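Got your viewer open? Let's take a walk through this structure together, one selection after another.

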Amino acid sequence: MAQATGLFRSMFDTVFPQQSHLQQAQALNGFFGTFTAYAPSFSTWQGGIYEAELTRSAIEAGANHASKLKPEVSGVAKPRAARSLSIQPNPWQTTPQFIARIWRMLSVNDTCLIIPLVADDGVTQIGYYPVLPNICQAYDVNGELWLKLDFTSERSAYVEWSRVGVLTRHQYKSDLFGDGADVLTPTLRLMHAQNDAEQVAIKQGAAVRFIGKFSQNLPNDDMKKKAKTFNETNLSADNAGGIAVYDRAFEDVKQVEPKSYTVDAAQMERIEKAVYRHFGTNEEIVLNKATEDVFNAFYEGSIEPFAVQLGHVLTAMTFTPSEISCGNEIMFSANRLEYASATTKISVATQLFDRGVADGNAVADIFQMPHYEGGSRHVIRGEYIDLALISEHTADQAAKAAQTNAAVFGNTPQPNATTTQGGDNASKTE
């Protein structure tokens with residue numbers, strides 16, 4: 001326990017250096033006012049979303065796919081924090097773990113906070129860490145928006161809003177945070193009730209084996225004794241013959257046929273669809289049975305919006321407005337062809353490679369193969385001709401190129417590229 005406490009304190013003090021939060025606690029001027037809430041705040045949802053099997057499966061399916069997003073930093077500015085995204089954005093997480101945890105936090109709480117890590121000088125940003133406070137409240141500190149983060153360890157931290165990266169889902173009521181997952185509460189209650197009913201029915205079906213009718217009215221104690229004697233005589237391991245016998249105390253004894261309990265399929269389907277709608281997924285994604293079309297739809301509907309929002313949030317955290325205006329940006333990309341058929345992969349790879357759009361290493365990525373020496377070169381098929389340079393080529397070369405292009409792009413070539421009209425050669429340019 002002592003080691004765990006020390007580790008947590010080390011993480012806490014690394015993410016929230018003492019000088020950045022203790023001194024500011026003295027300068028609070030009340031809650032920060034917004035249009036929709038006098039005291040804007042959010043709290044970690046305590047309804048057990050991540051503890052339910054179905055909801056956890058839906059969240060994890062998205063987290064697993066999102067964790068494969070590849071960070072790409074563009075522009076001439078290469079700050080240390082942006083470089084850390086390639087492998088390890090903080091001392092405790094690799095980049096896939098970092099992205100996956102952000103997805104989980106966002107899915108459960110509709111809000112995820114990312115805190116910048118700073119060097120010993122207290123200024124240089126060196127990484128990022130997603131925090132999970134128990135309660136987050138917005139305060140006015142000398143006219144500026146600050147967040148107070150209360151953790152389950154009973155420790156608190158204050159951090160400037162301008163330094164925090166905030167991702168949200170279902171942001172409607174709050175100006176700062178997502179609305180939370182309370183809308184899923186009825187579905188979680190149905191799931192809990194369904195599980196309880198199933199367990200009770202299974203236990204009852206396994207417990208009752210015989211129904212006996214006494215030949216006369218007996219006191220409760222006598223009935224219990226008779227039933228106990230019947231169980232010990234006929235249902236114990238000592239009854240090797242397998243024959244059940246009873247005396248005249250019982251008028252009749254009937255065996256109860258065991259019946260397995262089956263969850264109502266229609267009701268379970270409604271519950272599953274409600275969960276899938278909330279998290280923007282489907283059964284094929286959760287069970288890893290997605291086809292090319294299903295995965296593309298899931299990517300465009302869930303993964304891509306998440307990647308865009310995460311890229312913009314980290315860009316705003318990392319670069320100054322001036323650097324952003326000069327083209328510095330953090331983006332997240334994915335190999336969308338992972339679930340594509342072999343035919344689609346070959347077609348896309350051929351078309352992009354032949355036109356010089358993709359290099360050899362990019363084609364290798366499509367097929368999940370390692371990069372090779374010389375794979376960064378871009379090549380292009382020789383029969384393509386720049387339209388601006390068409391006059392530098394002979395009519396025959398232009399005709400052959402036109403026929404090749406027509407075959408590639410599916411257009412119908414002209415029978416003779418040198419056809420004249422009005423006495424002028426069609427291949428001639430003024």
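Start by selecting Ala138, and you'll find that it stands opposite Leu147 in strand S7. Keep in mind on this tour that you're looking at a predicted model.

Now widen the selection to residues 135-141, which make up strand S6. Strands S6 and S7 run antiparallel, and 7 bridges join them. What holds strands together in general? Strands of a sheet pair through backbone hydrogen bonds, either parallel or antiparallel. For another facing pair, click on Ile135: opposite Ile135 stands Asp150 in S7.

Next, look at where the chain turns from S6 to S7. The two strands form a hairpin, with 2 residues between them. Pick out Asn142 in that turn, as it has a positive phi of about 55 degrees.

Select residues 144-150 to light up S7 itself. Is S7 largely enclosed or left open? Of its 7 residues, 6 are buried, so the rest of the structure largely encloses strand S7. Go back to S6 and you'll see something along those lines: 5 of the 7 residues of S6 are buried, so S6 is largely enclosed by the rest of the structure too. "Buried" here means under 20% relative accessible area.

Follow the chain on to strand S8, residues 156-160. S8 runs antiparallel to S7, with 5 bridges between the two. Remember Leu147 from our first stop? Its bridge partner in S8 is Val159, while Ala138 stands opposite Leu147 from S6. S7 and S8 also form a hairpin, this one with 5 residues between the strands. In that turn, select Glu154, which has a positive phi of about 70 degrees.

Time for another sheet. Select S5, S4 and S9: these strands make an open sheet of 3, in the order S5-S4-S9, with antiparallel pairing. Which strands stand at the edges? They are S5 (125-131) and S9 (165-168), and each has a single partner strand, so one side of each is left without a neighbour in the sheet. Rotate the view a little: neighbouring strands of this sheet are turned by 25 degrees against each other on average, ignoring direction.

Zoom in on S4, residues 111-118, which is joined to S5 by 6 bridges. One pair to click on is Val118 and its bridge partner in S5, Gln125. Then add helix H10, residues 292-318, to the selection. H10 lies across S4, S5 and S9, and it runs at about 160 degrees to S9.

Now head for the surface and select Ile346, Phe367 and Met369. Together they form a nonpolar patch with about 280 Å² of accessible area. Ile346 sits in helix H12, residues 342-354. With a relative accessible area of 48%, Ile346 is partly exposed.

Finally, zoom out to the whole chain. How many helices and strands does it have? There are 14 helices and 14 strands. Of the 430 residues, 34% are buried. The chain exposes about 26100 Å², and carbon and sulfur atoms supply 52% of that area. As for contacts between residues at least 6 apart in sequence, 64% join residues at least 24 apart.

Methods: Residues are numbered from 1 along each chain as its sequence is written. This is a predicted model: local features need pLDDT of at least 70, side-chain atom pairs count only at pLDDT 80 or more; totals for chains, interfaces and linings use all residues. Side-chain values use heavy atoms; hydrogens and water are left out. Patches are made of residues with over 30% relative accessible area and no salt bridge: like charges are joined within 9 Å, nonpolar side chains (Val, Leu, Ile, Met, Phe, Trp, Tyr) within 5 Å. Accessible areas come from the Shrake-Rupley method with a 1.4 Å probe; for residues, only the protein chains shown count as cover. A salt bridge is a side-chain nitrogen of Lys or Arg within 4 Å of a carboxyl oxygen of Asp or Glu. Helices (H or I, at least four residues) and strands (E, at least two) are DSSP runs, numbered from the N terminus. Buried means under 20% relative accessible area, exposed over 50%, partly exposed in between (1.4 Å probe, protein chains only). Two strands pair if DSSP finds at least two bridges between them. Axes are lines fitted to C-alpha atoms, for helices over the stretch in contact, and angles run from 0 to 180 degrees between N-to-C directions. Contact means heavy atoms within 4.5 Å.
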